[in-house]
Every structure is written in C-alpha cells, then in structure tokens.
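This briefing deals with a ligand shell, a helix residue and a set of salt bridges. Please keep the sequence and the structure in view while reading.

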Amino acid sequence: MTSSAGSDAPQPLYAPREPIFPRRVRGWFRNLKWWILAVTLGIYYVTPWIRWDRGPNLPDQAVLVDLASRRFFFFWIEIWPQEFYYVAGLLIMAGLGLFLFTSALGRVWCGYACPQTVWTDLFILVERWIEGDRNARVRLFHAPWTGRKIRLRLAKWTLWLLIGLATGGAWVFYFADAPTLARDLVTGQAHPVAYSAIAILTATTFVFGGFMREQVCIYMCPWPRIQAAMMDPYTLTVSYRAHRGEPRGKHLKGRDAQRFGDCIDCNACVAVCPMGIDIRDGQQLECITCALCIDACDDVMQRIGKPRGLIDYVTLADLEAEARGEETPPAWRRVIRPRTLLYFTLWAGVGLAMLATLFMRDTVGLTVAHDRNPLYVTLSDGSVRNGYSVKIANRNGEPRDYRLSARAPQPVTVQIAGVEGDTVTVPPDSIRELRLFLTGHPVFAMHGDNPVEIWVEDVRTRERKRVANFFMGPEG
Ligand code: SF4
Ligand code: SF4
C-alpha cells in the first residue's frame, strides 16, 4: 500500500483514536434527547421491579424471562415456547419500523434511542459534571498526571463503573425475581452465571460508553451502512444549507454582510458534535443525526440576528431546490409519502394481526399422540381399546380442572390412567401428561381406521380445545 501523496512509505494500518470533547449545548433537540434518555433508562432500570400477581409458583414480576420453564411474561401476556411466532412478529415489526423511520427521518434511531447513544450521553454528562466543559476537559487531557488529574479521573471512572454495574445488574433482574436475586447477589448466593453476566455487561458499558463512544458507531455497528442504503433524496436528515452559509467567514453582526454568507465560521457546530465531524462537509457516514449541531447553530444565528435553520432537518432534494431558488414544502410534509405510508401500513398490519391473535389465543393447549405399537387391543369382552399420550397445557396463573371427552363414529368410553372419572387438575402455567384410553363397545364395532376427535374443556370457563386423531380397530 502506498500513500496517495506518492510516497512509497507504507501507510500504518492502525491510527490512535483522536479524543473528542463535545461542548455543552442547549436547545430544543438537546432537551428532546434528555427526555428520551430519562424515559428509556427509566424503563430499563425500573421495569424488573414492577410487581404482578402470578400465583404461588412464579415470582410476582410483571416482565420476566423464565428460562427454566421457557416462558416469557409481559404483564398479562404469557408467551410459551410453541408461540415463538410472536417473537418472530416482533422482529418483523422492528425491521419494518426501522425501514419506516429511516426512510422518513434518516438515522433517527442512532441519534436518539440507540443504547450506545443513550449511555454515551449519560457518560458525557458525568464527565462534564466532574471535569468541566469542553475547554476544561481539553486542558485536563493535555495536563501532566498531577494529584488533581488523578482525583478527577478516579471520580469519573468510579461513577462510570457504577453506571455500568447498574446496567448489568438491571439486565439479570429480567431473568429472575428481582428482590430475591438482589438479596442473593449481595449475600454471595446468586448463581455464577448472574455474576458473570453482570461483570460482562459492566465492562462493555464502561468501555463502550467511556472510551470507545463514536468508534462503536463507526467501526463496530452495521446499521450506518444498512440505514444509508434505506435513505433516499426525500428523507429528512441533518444538513447544512451551503447555499445560504457560503462563503463562510468570521464577521460580526451586519459587518461584511455582502461579502459573506450566514456562516460566521464560529465552529460551534463542530465543537458540540459527539462524532467530531463538521456537518458543513456534507453528508457523512459518521453523522448519527443527533441534531446537536442544529441547536448550536440556531443559537449562533439568534445571537447574530439571522434566521434559524442554517443547519436543519431538510431533504437533499429540497436542499437542491432551495439552492436553485425554488419554493419547497414544509419539512414535515416529506415524512408523508407513498414509501413511508406503505411501510406504516405493513407495520401497523403486522401489529394489529399480532394483537388480534394475542387477545383471541387459547389459554388451554392440547396435544394427542396415538400409540404406535400396538395400534389397538381387543379385550376379553370383544371391545377394542386404543391408547393415546395426551398433554394438557394450562396457560393460566391458577390451577384449572379440565374434562376430557371423545367423539367417534360409534360411542367410545373415556378412561384416564390413574384418574377417577374424566376430569383432571392441571397446575398453573404448566403441562400435565396423561395416558388416555378410548374403548369401543363390541356392539358398535369400528373396523380399520376411524376418525376421532378428542376434546378438552375447562370446567369453569367452558373454554374448549379439539384435536383430530384416529381410532384403530381390526380389519372388517
Ligand atoms: S454532524 Fe450534527 S447531527 Fe451529525 S453527529 Fe455531529 S452534531 Fe450530530
Ligand atoms: S455553528 Fe453555524 S455559523 Fe457556526 S460554524 Fe457552524 S454552521 Fe457556521
């Protein structure tokens, strides 16, 4: 490999990270990001502690991933392993949602709601609180390792570690009863897997949020490449109105106004950028569209008496039209177009279908397997008996009584091994396995392969479930 300058010296494959010291900024988008940060982190940390009555056999936890019994509980919704299609549906919705938001608003996920962005914002907040704003942090970075620098660094890293610990701790609480697990963690009685998961998540949060920040977005995350392919000229994205700002130059309010555009080259937009880029260079892969440069530039425009929006959410098509002096529609109108409407319709359709099936789903499950060998037994009185393995699933948080019955071309009697009568009790949120025998009376002899329906009925609610099977008799 040779340098583009024509030198034969090989280019280094590694370049050390240039640290970025984003300056504090105030404005509408910054406030919006603080709100999103508070809401998303609040949901993440608080959710495992919300209580929900789940009966005597399960933790009273509203959101619980029960790996032991392979169930997922979300408030009143309970997902069993055979209902994995709900997870598939959620993934499809997430994919369609990404298409929808990216085609309408570009990398809005990256800029506002991605965990890497949210935690990095929190880490920068701590950093600024301890070490000061941009200039103070730059000075501290270049300063020798004095007692003050060590003290500030230790304070910052300690707080970062505590945030990482809370992040890892909150994650494991989703998989067990949170109060019990918290007590076990403190007393050293929790499972080693819990400690390992917390250690890994603490370390990754600490390193990604503290030291790798923009590098995670630029080098490790695939979304920038994928999302760039989903955008089109009518996607709203953070852009610099070069036709208005150029030629840029340092000039005071009203002075040299004819010689320069609106950009006074103050570098405020670059100083606040968490990715360390200059939006005036055009669209860049590194830009996460966090819109902080909009806040910074709007503040400058206000102070020099120019209209806001030199940097703004604008489509590339409108940017070109504006440069030609043409009228453009308001930005929000670009969000509503055939492509976004199509994505929204698909997204809402999948969501509604999932909701409908969720509210209409059975709380009782039934599976029936006919014995393979022997297929039937002829009893001493000439009647014919068939055996079945039956599983009844009770998807309620309380025990339920279920009655088993059968419908065949000719009358059959129902007998459950080890049970008096035709009714069994199934504990809450569990499956009971049974041996079922159907016996055909000799007077109504059934020959060969006969269709049979096996029914289970909730004695209290009358909810019923039917499974088709067969009843085998001797050839006629
Ligand atoms: S250029 Fe602006 S929108 Fe893009 S990452 Fe930097 S501050 Fe955020
Ligand atoms: S903040 Fe606005 S005026 Fe200042 S350099 Fe950036 S684009 Fe120009």
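The points below are grouped by topic. The model is predicted. Three subjects are covered: the shell around ligand 2, residue E322 and its contacts, and the salt bridges, which number 34.

**Shell around ligand 2**

- Ligand 2 is surrounded by 13 residues.
- The closest of these are C263, C266, N267, C269 and C297.
- Two elements, α11 (268-271) and α12 (292-303), each give two or more residues to this shell.
- Sorted by class, the shell around ligand 2 consists of ten nonpolar residues, two charged residues and one polar residue.

**E322 in helix α13**

- Helix α13 spans residues 316-323 and includes E322.
- Is E322 buried or exposed? E322 counts as buried because its relative accessibility is 19%, and the limit for buried is under 20%.
- With neighbours within four places in sequence set aside, the contacts of E322 are R241, H243, V314 and T328.

**Salt bridge between R308 and D298**

- R308 and D298 form a salt bridge in which the closest N and O atoms are 3.7 Å apart.
- D298 belongs to helix α12, while R308 lies in the loop between α12 and β5 (311-314), so this pair ties together parts that are ten residues apart in sequence.
- D298 has a relative accessible area of 8% and is therefore buried.
- Helix α12 thus appears under two topics here: it holds D298, and it is one of the elements giving two or more residues to the shell around ligand 2.

**Salt bridge between R183 and D184**

- R183 pairs with D184 in a salt bridge, with 3.9 Å between the closest N and O atoms.
- The acidic partner, D184, is buried, at 18% relative accessible area.

**Salt bridge between R137 and D133, and the network**

- The side chains of R137 and D133 meet in a salt bridge, at 4.0 Å from N to O.
- Which of these two partners is buried, and which is partly exposed? R137 is buried, with 1% relative accessible area, whereas D133 is partly exposed, at 29%.
- The value for D133 is 29%, and partly exposed covers what lies between the limits for buried, under 20%, and exposed, over 50%.
- R308 and D298 pair at 3.7 Å, as noted above. Elsewhere, salt bridges with shared partners join E127, R128, E131, D133, R137, R153, K156 and R213 into one network.
- Both R137 and D133 are members of that network.

Note on methods
Residues are numbered from 1 along each chain as its sequence is written. Chains are lettered from A and ligands numbered from 1 in the order in which they are written. This is a predicted model: local features need pLDDT of at least 70, side-chain atom pairs count only at pLDDT 80 or more; totals for chains, interfaces and linings use all residues. Side-chain values use heavy atoms; hydrogens and water are left out. A residue is near a molecule or strand if one of its heavy atoms lies within 4 Å of it. Helices (H or I, at least four residues) and strands (E, at least two) are DSSP runs, numbered from the N terminus. Ala, Val, Leu, Ile, Met, Phe, Trp, Tyr, Cys and Pro count as nonpolar, Asp, Glu, Lys and Arg as charged, and the others, Gly among them, as polar. Buried means under 20% relative accessible area, exposed over 50%, partly exposed in between (1.4 Å probe, protein chains only). Contact means heavy atoms within 4.5 Å.
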